[in-house]
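Me: I want to learn how labels are given to parts of a protein structure. Could you take me through some of them, one label at a time?

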Amino acid sequence: LLHPRVESSKRNPASRHPRPVAQVLQTEPLSAKIDTRSPPFPSIDDNLSSRTPLGGVSLLLRNAFFTVLLLIAIPAFILLLPFILPWVAYTDWRERRTLAARTCEDCGTPFGRDEINRTRHECRDRTSAVVSAIMARGGRPRTVAIWHLTCPNCGAQFGYAPATANFFRREDAA
């Protein structure tokens, strides 16, 4: 297929590309010299500079979706940030409070805030170590954070997945 700019039978005489490659290869013998100073097809920058008065404006900014994103969504996010941050802090506090009030299935002792904070920080450290090791090998990290809770009274092992709010007895801690 030919590029749309050189497909037309009416060519601009001032064009840098007098003939498309297909015509050069069909009409001239193999021993003829081919103009290699410029590519046979215009680049994206040539295309933009010839069509728009803005010249080398990135295609990203010309795309309507990204224009809307840049002009509306980002300022809206910044304006909503004072409402978003307290909501995130409140939901995190509520989740930790609910989990701290949860009782052990064996002895009925509540886990408490100290245990929740300990296991949360331990999970963060463990997950960051795993992600760093995966990224050091050039992989894409796909991890699921699981908090390893221990009953302060009887020592029973439980797990909590914050992404799904799933509380379960750990089978691997026997």
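Reply: Start with one cut-off. A residue is called buried when its relative accessible area is under 20%, and exposed when that area is over 50%. Anything in between is partly exposed. Keep in mind that this is a predicted model.

Me: Why is Glu115 called buried?

Reply: Its relative accessible area is 12%. The limit is under 20%. So Glu115 counts as buried.

Me: What makes Arg118 partly exposed?

Reply: Arg118 has a relative accessible area of 35%. Partly exposed covers the values between the 20% and 50% limits. Therefore Arg118 gets that label.

Me: How do you know that Glu115 and Arg118 form a salt bridge?

Reply: Compare the distance with the cut-off. A side-chain nitrogen of Lys or Arg must lie within 4 Å of a carboxyl oxygen of Asp or Glu. For Glu115 and Arg118, the N to O distance is 2.6 Å. The pair therefore passes the test. Both residues sit in helix H6, 3 residues apart, which is about one turn of the helix.

Me: Which residues are linked with them in a network of salt bridges?

Reply: The network links Glu115, Arg118, Glu122 and Arg126. A search of the whole structure finds 8 salt bridges.

Me: What makes Arg96 and Asp92 a salt bridge?

Reply: Their closest N and O atoms are 3.3 Å apart. The cut-off is within 4 Å, so the pair qualifies. Both lie in helix H5, residues 64–101. They are 4 residues apart, about one turn of the helix.

Me: How do you know whether Arg96 and Asp92 are buried or exposed?

Reply: Neither word fits. Arg96 has a relative accessible area of 23%, and Asp92 has 22%. Buried needs under 20% and exposed needs over 50%, so both are partly exposed.

Me: What does the salt bridge of Arg120 and Asp92 tie together?

Reply: The side chains of Arg120 and Asp92 meet at 3.3 Å, N to O. Arg120 lies in helix H6, residues 113–136, and Asp92 in helix H5, so the pair ties together parts that are 28 residues apart in sequence. Arg120 is partly exposed, at 27% relative accessibility.

Me: Why is H5 called oblique to H6?

Reply: H5 and H6 pack at an angle of about 120°, with their axes 8 Å apart. Roughly perpendicular runs from 65 to 115 degrees, and roughly antiparallel starts over 145. The angle fits neither range, so H5 is oblique to H6. Their crossing is right-handed.

Me: Which residues of H5 and H6 meet?

Reply: From H5 come Asp92, Arg96, Leu99 and Ala100. From H6 come Arg113, Ile116, Asn117 and Arg120. The contact divides into 3 nonpolar, 1 polar and 4 charged residues.

Me: Why does Thr119 count as buried?

Reply: Thr119, in helix H6, has 0% relative accessibility. The limit is under 20%, so Thr119 is buried. Leaving out residues up to four places away in sequence, Thr119 touches Trp147, His148 and Leu149.

Me: What is the phi of Ala165, and where does Ala165 lie?

Reply: Ala165 has a positive phi of about 55°, although it is not a glycine. Ala165 is placed in the loop between strand S2 (157–161) and strand S3 (166–169).

Conventions: Residues are numbered from 1 along each chain as its sequence is written. This is a predicted model: local features need pLDDT of at least 70, side-chain atom pairs count only at pLDDT 80 or more; totals for chains, interfaces and linings use all residues. Side-chain values use heavy atoms; hydrogens and water are left out. Helices (H or I, at least four residues) and strands (E, at least two) are DSSP runs, numbered from the N terminus. Buried means under 20% relative accessible area, exposed over 50%, partly exposed in between (1.4 Å probe, protein chains only). Axes are lines fitted to C-alpha atoms, for helices over the stretch in contact, and angles run from 0 to 180 degrees between N-to-C directions. Angles under 35 degrees count as roughly parallel, over 145 as roughly antiparallel, 65 to 115 as roughly perpendicular and the rest as oblique. A crossing is left-handed if the near helix is turned anticlockwise from the far one by less than a right angle, and right-handed if clockwise. Contact means heavy atoms within 4.5 Å. Ala, Val, Leu, Ile, Met, Phe, Trp, Tyr, Cys and Pro count as nonpolar, Asp, Glu, Lys and Arg as charged, and the others, Gly among them, as polar.
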